[in-house]
Amino acid sequence: MTEKAATLRDHLDDFIADTLSRCTRCGKCFEACPMTRYSDGLSQAEPKAVVSGVLDWLQQTPGNAESVAWLKVCTQSSRCIEACPEGINAMKMVRVGQMSAMGSLGVPAAHAAMSGREAKDFFRVINAFSETQMTSDEIDRWQR
Ligand code: SF4
């Protein structure tokens, strides 16, 4: 019997399961983000609640408004990766959250900013992201 080829969705599902199992919702990734000050929707946000909203998106459940605001302002500074005490790639967590919020994982798109102009560049951005955030094996699986 032929071994089933790994797909991008397999990779995403593995990443989501691992993140959900290890993330303690401490909020340190959000606290380290240099972009939150530029969003009115995040000025009073509780870090733990924002992360919980992002994890909702990873579970294909619409997250709270604060999580959407964070997904929108991410510029891939990678500060969140360095901040995570659990070794989770929090920037990738945000990127997968963006994919979900854009409607790419099965739930309706969350907002026009992600389903409009930015969507045209979505897959180009995802490919660029994959080259910088994944191992060579993961990139190979991503591009199959
Ligand atoms: S810093 Fe890591 S463990 Fe804490 S909320 Fe962010 S991803 Fe989860």
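**A helical chain around a ligand**

Set aside the neighbours within four places in sequence, and alanine 90 is in contact with Cys29, Cys80, Ile81 and Cys84. The model is predicted. Two of those partners return at the ligand: Cys29 and Cys84 are among the closest residues to it.

Start, then, with the ligand. Its shell holds 14 residues. Cys23, Cys26 and Lys28 join Cys29 and Cys84 as the closest. Two elements give two or more residues each to this shell: α2, residues 28–32, and α6, residues 90–101. By class, nine of the shell residues are nonpolar, two are polar and three are charged.

Step back to the whole chain. There are nine helices and zero strands. Read along the sequence, the pattern is α-α-α-α-α-α-α-α-α. The chain has 144 residues, and 25% of them are buried. Among contacts with a separation of 6 or more, 61% join residues 24 or more positions apart.

Next comes the core. The largest nonpolar core has 22 residues. Within it, the residues with the most contacts are Phe30, Val50, Val54, Trp70, Ala90 and Val94. Four helices, α2, α3, α4 and α6, each supply at least two residues of this core. The largest share is from α6, with six residues. Alanine 90, where this tour began, thus has a place in the list of most-connected core residues.

Now look at α4, which covers residues 65–73. Glu66, Ser67, Val68, Trp70 and Leu71 are buried in this helix. What do these buried residues of α4 pack against? They pack against α2, α3 and α6, where α3 spans residues 47–58. Trp70 links two parts of the picture: it is one of the buried residues of α4 and one of the core residues with the most contacts.

The meeting of α3 and α4 can be followed residue by residue. From α3 come Ala49, Val50, Gly53, Val54, Asp56 and Trp57. From α4 come Glu66, Ser67 and Trp70. This contact has five nonpolar, two polar and two charged residues. The helix axes are 7 Å apart and cross at about 85°. α3 and α4 are therefore roughly perpendicular to each other. Val50 and Val54, on the α3 side of this contact, also belong to the core residues with the most contacts.

Alanine 65 lies in α4 as well. Why is alanine 65 counted as partly exposed? Because it has 15 C-beta neighbours inside 10 Å. Glycine 53 is twelve residues away from alanine 65 in sequence, and their C-alpha atoms are 8.0 Å apart in space. That same glycine is one of the α3 residues that meet α4.

Two loop residues deserve a backbone check. Glutamine 60 sits in the loop between α3 and α4. Its phi is positive, about 60°, although it is not a glycine. Glutamine 60 counts as exposed because it has 11 C-beta neighbours inside 10 Å. Arginine 25 is in the loop between α1, residues 8–22, and α2. Arginine 25 also has a positive phi of about 60° and is not a glycine. With 13 C-beta neighbours inside 10 Å, arginine 25 counts as partly exposed.

Methods: Residues are numbered from 1 along each chain as its sequence is written. This is a predicted model: local features need pLDDT of at least 70, side-chain atom pairs count only at pLDDT 80 or more; totals for chains, interfaces and linings use all residues. A residue is near a molecule or strand if its C-beta atom, placed from the backbone, lies within 6 Å of it. Ala, Val, Leu, Ile, Met, Phe, Trp, Tyr, Cys and Pro count as nonpolar, Asp, Glu, Lys and Arg as charged, and the others, Gly among them, as polar. A residue is buried if 20 or more other C-beta atoms lie within 10 Å of its own, exposed if 12 or fewer, and partly exposed in between; C-beta atoms are placed from the backbone. Two residues are in contact if their C-beta atoms, placed from the backbone, lie within 7 Å. A nonpolar core is a set of buried Ala, Val, Leu, Ile, Met, Phe, Trp, Tyr and Cys residues joined through C-beta atoms within 7 Å. Axes are lines fitted to C-alpha atoms, for helices over the stretch in contact, and angles run from 0 to 180 degrees between N-to-C directions. Angles under 35 degrees count as roughly parallel, over 145 as roughly antiparallel, 65 to 115 as roughly perpendicular and the rest as oblique.
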